[in-house]
Amino acid sequence: MQPTDDPAVESLFSKLWRTRSASATIRWIDLSAYSLGASIMDRRDFLCSTAAGLALAGLGADRGMRPAWAHEGHDHKEGQGRTYATPKDAMKSPREELAYVVGVYVGTETKKPDFLATIDTDPKSKTFGQIIHRLPMPNVGDELHHFGWNACASCHGERARTHLIVPGLRSSRIHIIDTTKPREPRIVKVIEPDEIIKKTKLTAPHTVHCRADGTIMISMLGNENGDGPGGFLLLDEKFNVAGRWEADLKGMNYNYDFWYQPRHDVMVSSEWGSPNTTRPGFKLEDVKAGKYGQHLHFWDWEKRTIAQSIDLGAKGLIPLEVRFHHNPESTQGFVGAALSSVVWAWRHDKAEKKWKADPVIEVESKEVAGWPFPVPGLITDVVLSMDDRWLYFSNWLHGDIRQYDVSDPQKPKLTGQLWLGGVLGKGQKVKGEAVAGGPQMLQMSLDGKRLYVTTSLVSSWDNQFYPDIAKRGSVMLMADCDTDKGGLTLNEKFVVDFGKEPDGPARAHEMRFLRGDSTSDIWM
């Protein structure tokens with residue numbers, strides 16, 4: 001495909017790339033028309049030809065070539081400027097000023113709805129490090145967990161990042177939250193579990209990603225009875241249940257996280273366990289019985305079927321968060337196997353035309369008094385900086401966060417470590433008190449300078465391993481990251497104590513920022 005320095009052609013070509021799934025015609029133009037145009041047409045003819053293709057997809061002059069969100073009948077001005085064309089652009093964005101964090105009452109003495117907390121992260125503000133708004137859900141018992149945006153980098157220039165999709169892991173209820181007034185988000189729609197089950201036979205929503213065509217994809221961990229393997233739910237642009245994404249589940253045992261890389265026509269997904277296994281709490285005999293996953297699945301993005309699965313074996317028990325490189329040209333990625341406490345690096349081998357994965361970091365289990373078996377680190381989250389250089393992960397049971405230089409993904413170098421809570425007794429005190437729980441959910445600022453952490457995993461496992469969380473609540477903390485030489489330092493000026501909530505101590509889990517973060521955006 002020939003390059004061009006014509007801004008009009010580049011802009012149109014970019015639009016074609018983002019909307020190529022709209023029709024087979026657009027995909028054909030996307031992959032071949034410009035190379036033909038460069039050789040047998042002048043640019044004016046090519047633009048006219050391409051515009052005709054756009055019209056077939058409903059994106060032409062009849063819509064004024066305006067972004068799709070401009071036709072939805074809503075005021076999305078506030079959501080403009082929240083996405084970026086490239087990872088480099090994202091790294092240059094203004095510092096995050098607000099964070100949205102879920103507060104969870106499931107498994108505590110408080111019998112009230114979970115809530116979405118809006119937290120001031122602007123160090124120049126008088127309310128820095130404080131919860132400035134609480135949005136309660138309509139029902140009790142949702143167990144808010146992971147959540148995501150209606151639009152990300154894959155929709156840049158096409159749709160505004162305005163709405164959060166906030167599922168209940170336990171209730172299977174999905175909340176649509178409008179953030180056009182960032183400091184006062186509001187619920188605009190609730191999708192009830194009965195509708196989801198009726199249309200898809202799926203339950204237990206987990207990871208949320210937007211797609212370039214405006215739809216929203218959610219990994220679902222169970223079927224209507226709470227058994228595996230689950231599947232993938234689609235919402236349309238108006239947040240209606242559109243059905244299931246996958247064409248076939250052959251080869252899939254369980255579900256958990258996913259990430260797609262469109263330039264390579266691939267999606268990767270991981271495995272936890274079915275809701276019927278994980279919800280009551282952790283049992284070692286369930287692992288021995290094969291009720292937890294140990295596979296990575298590489299899907300054909302276009303065909304929506306599994307093209308290849310990798311059995312990670314004993315070093316890959318319970319692979320959770322998957323992170324592709326942010327660079328859309330890369331096939332490199334990482335996954336943390338929680339129970340085995342091993343980080344795996346995957347890549348596509350062009351010569352052998354298949355995906356490969358290797359264990360690149362292993363955390364040794366430790367003997368702890370009172371435990372019937374050596375305690376694993378339990379890697380429960382992994383994040384990658386926007387420049388793909390720095391990898392961070394949390395050992396929820398051991399109590400440490402680690403920073404690695406992964407400039408060479410096959411040879412990570414440990415460059416920083418921070419101890420917070422955990423069962424090994426090494427965690428530093430925060431404002432004179434020990435942290436309840438251990439470092440769990442991680443989120444990275446776009447510039448890579450700040451790493452945020454919360455301490456709750458999921459209610460039943462919290463109560464099993466860290467019962468104090470239900471009594472004392474979670475905390476949200478921030479570490480300053482040295483991105484030159486490496487290193488992590490706790491910033492004690494930022495401490496959000498969910499144990500002091502007006503309605504009682506709450507758990508804190510996933511975190512999101514208005515302009516995106518290290519796990520929200522996928523570039524095309």
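**Entry 1: strands 18 and 19**

I count two strands as paired when DSSP finds at least two bridges between them. I am working from a predicted model, and with that rule in hand I looked up strand 18 (residues 342-349) and strand 19, which pair in the antiparallel sense over eight bridges. To fix the register for myself, I noted that V342 has E362 in strand 19 as its bridge partner. I then followed the chain from one strand to the other and found a hairpin with four residues between strand 18 and strand 19. Within that turn, K353 has a positive phi of about 55°.

**Entry 2: salt bridges around this hairpin**

Which residue forms a salt bridge with E362? I found K315, with the closest N and O atoms 3.0 Å apart. E362 lies in strand 19 (residues 354-362), whereas K315 sits in the loop between strand 15 (305-311) and strand 16 (319-324), so this salt bridge ties together parts that are 47 residues apart in sequence. I checked the accessibility of both partners: E362 counts as partly exposed because its relative accessibility is 46%, and K315, at 40%, also counts as partly exposed.

I also noted a salt bridge between the side chains of E352 and K356, at 2.9 Å from N to O. E352 has a relative accessibility of 45% and therefore counts as partly exposed, while K356 is partly exposed at 21%; buried would require a value under 20%. Elsewhere, I wrote down a network in which D257, E321, R323 and D381 are joined by salt bridges that share partners.

**Entry 3: the salt bridge total and a long-range pair**

How many salt bridges does the structure hold? My note reads 29. One that I followed up is K112 with D503, whose closest N and O atoms are 3.1 Å apart. This pair links distant parts of the chain, since K112 is in the loop between strand 1 (98-104) and strand 2 (115-120), D503 is in the loop between strand 27 (488-497) and strand 28 (507-513), and the two are 391 residues apart. Buried, exposed or in between: where does K112 fall? With 40% relative accessibility, K112 counts as partly exposed, and D503 is partly exposed as well, with a relative accessible area of 38%.

**Entry 4: two open sheets**

Strands 1, 2 and 28 from the last entry brought me to an open sheet of four strands, which has the order 3-2-1-28 and antiparallel pairing. At its edges I found strand 3 (131-136) and strand 28, each pairing on one side only. Neighbouring strands here are turned by 25° against each other on average, direction ignored. Strand 2 and strand 3 run antiparallel and are joined by five bridges, and I recorded P136 in strand 3 as the bridge partner of F115.

I then turned to another open sheet of four strands, with the order 12-13-14-15 and antiparallel pairing. Strand 12 (258-261) and strand 15 are its edge strands, and because each has a single partner strand, one side of each is left without a neighbour in the sheet. Its twist averages 20° from one strand to the next. Strand 14 (residues 295-300) is joined to strand 15 by six bridges, the two running antiparallel, and in strand 15 Q308 is the bridge partner of F298.

**Entry 5: nonpolar cores**

Which residues touch the most other members of the largest nonpolar core? They are M267 and W346, in a core of 28 residues. Apart from this core I found another, of 25 residues, which includes L169, V375, L397 and A436.

**Entry 6: aromatic pairs**

Counting ring pairs with centres within 6.5 Å, I arrived at 28 aromatic pairs. F282 and F465 make a tilted pair, at 6.4 Å centre to centre with 45° between the planes. F282 lies in the loop between helix 6 (275-278) and helix 7 (284-288), and F465 lies in helix 8 (residues 459-465), 183 residues apart. Both F282 and F465 are buried.

A second pair I looked up is Y452 with F494, edge-to-face, with 5.5 Å between the centres and 80° between the planes. Y452 belongs to strand 25 (residues 450-454) and F494 to strand 27, so to speak of this pair is again to link distant parts of the chain, 42 residues apart. Y452 and F494 are both buried. Finally, I noted one aromatic cluster whose members include F282 and F465, along with Y256, W272, Y292, W371, F373, W396, W461 and Y466.

Conventions
Residues are numbered from 1 along each chain as its sequence is written. This is a predicted model: local features need pLDDT of at least 70, side-chain atom pairs count only at pLDDT 80 or more; totals for chains, interfaces and linings use all residues. Side-chain values use heavy atoms; hydrogens and water are left out. A salt bridge is a side-chain nitrogen of Lys or Arg within 4 Å of a carboxyl oxygen of Asp or Glu. Buried means under 20% relative accessible area, exposed over 50%, partly exposed in between (1.4 Å probe, protein chains only). A nonpolar core is a set of buried Ala, Val, Leu, Ile, Met, Phe, Trp, Tyr and Cys residues joined through side-chain atoms within 4.5 Å. Axes are lines fitted to C-alpha atoms, for helices over the stretch in contact, and angles run from 0 to 180 degrees between N-to-C directions. Rings of Phe, Tyr and Trp (its six-membered ring) pair if their centres lie within 6.5 Å; planes under 30 degrees apart count as stacked, over 60 as edge-to-face and the rest as tilted.
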